[in-house]
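Biologist: Please take a close look at a single part of this model, and describe its backbone and its surroundings in one connected account. Where a comparison with other parts helps, please include it.

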Amino acid sequence: MNNLAIGDSALYNNGATFTTAYQGAYNIAIGNKALLANTDGNYNTALGFESLNKNTTGNGNSVHGNGAMNANTTGSYNSALGNLALSSNTNRSINTAIGAGALRFNTSGVYNTALGAGALIYNSVGNLNTAIGNDALNSNTIGIKNVALGVEAGYVNDNSNNCTYIGYQADQNYTTDYYNSTAIGNAARITASSQVRIGNSSVTSIGGYANWTTLSDGRFKKEINADVPGLDFINKLRPVTYHFDINKLNQFIYRDDKVKFTSEELKVKEGELQTGFIAQEVESAARELNYDFSGVDKPKNADDMYGLRYAEFVVPMVKSIQELSKANEELKQHNQELKQDNAELKKEIAAIKKALNLPITTGEVKITQTDEAFYIHPNPATNRVNVTVKNYSDKNLLLRFYDASGKEVLSQAVTSGNIEINTSSLATGKYVASLLEGSKIISAQKLIINK
């Protein structure tokens, strides 16, 4: 019912097993043996020699091209445009193939879209793949949920899943099983799972008008510890300059030898002086400190490479700055204490010089034999002297004796009132006695010992 057949044996068997009036209806077959075996299939359109010629009960298929979907029997809602497109599909549904040989060997795969000659040509049971471009996902057989956009994009992909390839020859480094990786750009290559690569080895600049944002929400962090090493780690690093060996790098990445760079591209890249670290050295430095540094991107397999996440270096650098800042504050405090001690020492030296009738260069201390603070008698003395201290009953006082060179030769804790001090250890000569409250000089007296 409502069928159109043009060509030798087109829709030849249609209706052979009818049980209702709505079987084998609304079909269009144009070309020799097009829809030849169709019996009960509905809403099929076949344009081309032997297109859909084995279809029996498949519904809603649209094909255009010699041999297009010529193995399909019960598969439904497939679209094929191009010679031998979906030509091996037998009973699977909802595939779209546009281009000569697109999805040619698909047998059990469903929900695939291939646009381009040879796109997904070897796919057999892979599902939910999208390939746009000649030979895109060409080698895929059982991989699922892959996307390839560009001529030969994802060409090497065989059994990788959830991978995305955008750009001419954007691909993986060789046939293996990767997961959740993305290659963007001409000849960009992924080398491991859960990886994103942008551009090829000859790219000299990647940028934009805003800095890259790394998500860092405290609500989704746990086991937080402030144990990042600072200066100990930074001091182990060796900053270097270097040039890339592009030929060696390309031999490692492009093993299929499909990608070719011009000598000019290689010359420009190799001519750039690079500044950075050696990843293996950074890893070794971190290991020495038992520091699992996230800035080292370690190889995930024998065919992957080392990398460095330079933004991660900010954290130990900040820790280093904090450590230096703390040390600087401690030095400032120590320096202030030294200044205070030095100021008191200058005062004391000045007092000694004045008491010995030496020139005074710093400070000013009141020195008299009848000083209100204290006085010594007898003076000159021999083996003993009496010291009278006035008006300092609640102070912590110390009396120090210095010789003419400024060397301390005797000290005695004192209080207000009279105290006797044994000076038998002092040789004949001139001395200075200084009364101190803590480190502060109150006054000084000259003392002469005459034995």
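**The loop around Leu52**

Modeller: Leu52 counts as buried, because its relative accessibility is 0% and the cut-off for a buried residue is under 20%. The model is predicted. Leu52 belongs to the loop that runs between strand 3 and strand 4, and these strands cover residues 45–47 and 62–64 respectively. Its phi is positive, about 50°, although Leu52 is not a glycine. Such a value deserves notice because most residues other than glycine have a negative phi.

Ser51 lies in this loop between strand 3 and strand 4 as well. With a relative accessible area of 0%, Ser51 is therefore buried. A polar atom of the Ser51 side chain lies 2.8 Å from the backbone oxygen of Gly48. Leaving aside residues up to four places away in sequence, Ser51 touches Lys33, Ala34 and Leu35, together with Ala46, Val63, Gly65, Gly67 and Ala68.

A second loop offers a comparison for Leu52. Leu103 is placed in the loop between strand 6 (96–98) and strand 7 (113–115). Leu103 is a residue other than glycine, and its phi is positive, near 50°. Because its relative accessibility is 0%, Leu103 counts as buried.

Positive phi also appears after helix 4: Asn290, which follows this helix, has a phi near 55°. Helix 4 spans residues 279–288, and its buried residues include Ala279, Val282, Glu283, Ala285 and Ala286. Viewed down the helix axis, the buried residues of helix 4 fall within an arc of 160°, so they line one face. These buried residues pack against helix 1 (231–234), strand 17 (296–297) and strand 18 (307–308). Arg287 and Glu288 are exposed, on the face of helix 4 turned away from its buried side.

Backbone geometry of another kind is found in the loop between strand 19 (374–377) and strand 20 (384–389), where Pro378 lies. The peptide bond joining His377 and Pro378 is cis, with omega about -10°. Pro380 is found in the loop between strand 19 and strand 20 too, and a cis peptide bond with omega of about 15° joins Asn379 to Pro380. As a rule, most peptide bonds are trans.

Finally, the surface offers a counterpart to the buried residues above. A nonpolar patch there includes Leu81, Leu115, Ile132 and Val196, and the patch has about 800 Å² of accessible area together. Val196 is placed in strand 14 (residues 196–198).

Definitions and conventions: Residues numbered from 1 in each chain as written. Predicted model: local features only at pLDDT ≥ 70, side-chain atom pairs only at ≥ 80, totals over all residues. Heavy atoms only, no water. Patch = residues over 30% accessible without salt bridge, like charges linked within 9 Å, V, L, I, M, F, W, Y side chains within 5 Å. Areas by Shrake-Rupley, 256 points an atom, 1.4 Å probe, with all protein chains shown as cover. Salt bridge = Lys/Arg side-chain N within 4 Å of Asp/Glu carboxyl O. Helix = DSSP H or I, 4+ residues; strand = E, 2+ residues; numbered from the N terminus. Buried < 20%, exposed > 50% of the residue type's maximum accessible area, 1.4 Å probe, protein only. Polar contact = N/O pair within 3.5 Å; in protein donor to acceptor, adjacent residues only side chain to side chain. Contact = heavy atoms within 4.5 Å. Arc of directions from axis to C-beta.
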